[in-house]
Structure formats: structure tokens, C-alpha cells
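Me: I am new to this structure and would like to go through it by question and answer. Please show it first.

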Amino acid sequence: MGGFSDYLETIAAQSEVISYLNSLEYKAVIVEGSSMDVSLVRMGVEAGVGELSPLNSLVVKGFGLTTSLGAIITDAPLVYDAKASGVCIKCMKCLKVCPIRDVPYAEGDFSKCACGKCRNICPV
Amino acid sequence: MDKKIIEIFMVKETADNQSSLRGGGCNCKCDCNASQSLTICKLVERFSKKYDSVGDFKIYELTSINKKEYISRLNKVLLDSGERLVVGESNLDFVLSKTAPLIAVDGKIISVKNYPDVEQLYNAIITGKKIPMKSSCC
């Protein structure tokens, strides 16, 4: 539960990237994070943005679990980043405060969780 | 206290979400001219009934004929709220899918993608605090 300036900032950033790519005549579409068919966390891991946490959320260096994720698919010839490693220090603090999870990297739909305790306690 | 101007930016809801509406018009007598926005209409109606002296509503519902005016007013509200998001025709659908209904009081955003109840809206107006977004996991 938080303010929405960060949220609007994410929308602004995505819009600006789309406009920039379109101005260079590349196709670019925003990936809807609300779709259950697409995992922005998985995309973040594959893109080298961060690493999977024990709660299957994205740990980003310097930001912990506090990031808002957005993704764009484009045909622009981008240079790939390497996958991130060693970001999560495996302290398991996020797991310990989670009210609905007690097994690390458990599968299943936990999208209804919104308490934010893990975000606040992550030391990364 | 001066009466506040409460602006609500919204889009038409899908057919699935308006089963209780007939005749294509808002039938809650709130005079908002919103054709398919029962939930916001109810908020407006109930708020006006309880806190009539607190504020007047302006409802902006996007149509094919008011797009420029809609974008212009939305950008003014975003700018006055200190946000760097700029809306244009190219990203309007995307932005609205992420933000509507967007509520502003005296030109400053107080709620995004949320349907507050009457008391939440009243408290936000009185205290000047933003209404928290309903969070979801990504």
C-alpha cells in the first residue's frame, strides 16, 4: 500500500521509452503486468535487472523488493545484459515475515498478497 | 472552507461491467453526464448527498469528440501535481488503463486507479492526504 507517484513515474518511463523507440521507427509495445500469462518478475530475471527472491519476487541491487516493474517488447536490436547473481543474500527475512508463505521458491499464485512486509524488511 | 473542485477522469467501462445500466445513460441523477460509470456515479451521488458543501464534481469521460480537451486537462492536473507523466494521443489508452479513474481535488491528484468510498474521499479532501493505491504483487 503506498503512494502513487512511483507508480505514475513507472508509467511515464514506459511511455517515454515507447515514444523514443517509435521515433527511431522500431516497434515497441508495453507488456501488461496484470496479465497472469506474463511474469514481469521472470522477465526482470532474464533481463538481468535482478534476482529471484525466496518469495519469487524480484530483488534488485540497492532497491531490495521495492521496485515497480514494467516491461516493453521491441524489435530494436538491444544488447543483452548478463543475468544478475549474488543480489539476494538469502537471509530469508522476507520469508519469515510473509503471512502466506513458509516455503522458499514455492510455486502457486500468490498475487493476492499485498501486505508489503517483505518490501520493508529486505536488507538488499 | 471554500468549496473544492473534485475532478474525476475516467473511461467508459466495458459492456460486462454495466449490466445494471439501461438506456445508455447514467441513471443516478447525479447530473454528471457519465454514460456508463455507475460506480463513480454512486460515489458522486452519495458524496454530494452527505457533503454537499464540501465540493463540486467535474466528471471527464473520454469520448471521440472531447479527446483534446480531456488530454489537455489531464496534463494540467499531472503537471500541477508534480508528475512528469505527459499524456498524448499515442499513450492515452495505455495511461488510462493504468490510472483511471483518476481523481483530483483543486487540480492535485489524490487518487489513482481506485474507487474510494465516500468517507475515504472526504478524509482525503479534509486532510490533503492521498488515497493509497490498492497494491498488488508483481
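The questions below deal with confidence, one helix, the nonpolar cores and one proline of this predicted model.

Me: Which helix of chain B has the lowest confidence, and which the highest?
Reply: This is a predicted model, and the mean pLDDT of chain B is 82, with 78% of its residues at 70 or more. Over residues 14–29 of chain B the pLDDT is below 50, though this stretch has 18 contacts in the model beyond near neighbours in sequence. Confidence in chain B is lowest in helix α1 (residues 38–50), at a mean of 89, and highest, at 97, in helix α2 (residues 67–80).

Me: What ipTM and pTM does the model score?
Reply: Two scores are given for the model. The pTM is 0.70, and the ipTM is 0.74.

Me: Within what arc do the buried residues of α1(A) fall?
Reply: Helix α1 of chain A covers residues 5–23 and reaches 26 Å from its first C-alpha to its last, close to the 27 Å expected. Its buried residues are L8(A), I11(A), Q14(A), S15(A) and I18(A). Seen down the helix axis, they line one face, because they fall within an arc of 125°.

Me: Which residues are exposed on the other side of α1(A), and what covers the buried ones?
Reply: On the other side of α1(A), the exposed residues are D6(A), Y20(A) and S23(A). The cover over the buried residues includes parts of both chains: β1 (28–31) and β4 (71–74) of chain A, together with α3 (92–99) and β4 (108–112) of chain B.

Me: Which element gives the most to the largest nonpolar core?
Reply: The largest nonpolar core has 32 residues, of which I8(B), F9(B), M10(B) and L102(B) touch the most other members. Elements that each supply at least two residues include α1 of chain A and β1 (4–10) of chain B. The element that gives the most, with 5 residues, is α1(B).

Me: With which residues is L102(B) in contact, leaving aside its neighbours within four places in sequence?
Reply: L102(B) is among the residues of the largest nonpolar core that touch the most other members. Leaving aside neighbours within four places in sequence, its contacts are F9(B), I109(B) and V112(B).

Me: Is P104(A) buried, exposed or partly exposed?
Reply: P104(A) sits in the loop between α3 (93–97) and α4 (117–121) of chain A. Leaving aside neighbours within four places in sequence, P104(A) is in contact with P54(A), M92(A) and L95(A). A residue counts as buried at 20 or more other C-beta atoms within 10 Å and as exposed at 12 or fewer. P104(A) has 14, so it is partly exposed.

Notes
Residues are numbered from 1 along each chain as its sequence is written. Chains are lettered from A and ligands numbered from 1 in the order in which they are written. This is a predicted model: local features need pLDDT of at least 70, side-chain atom pairs count only at pLDDT 80 or more; totals for chains, interfaces and linings use all residues. Helices (H or I, at least four residues) and strands (E, at least two) are DSSP runs, numbered from the N terminus. The expected span of a helix is 1.5 Å times one less than its number of residues. The arc is that of the directions from the helix axis to the C-beta atoms. Two residues are in contact if their C-beta atoms, placed from the backbone, lie within 7 Å. pLDDT is the predictor's confidence in each residue, from 0 to 100. A nonpolar core is a set of buried Ala, Val, Leu, Ile, Met, Phe, Trp, Tyr and Cys residues joined through C-beta atoms within 7 Å.
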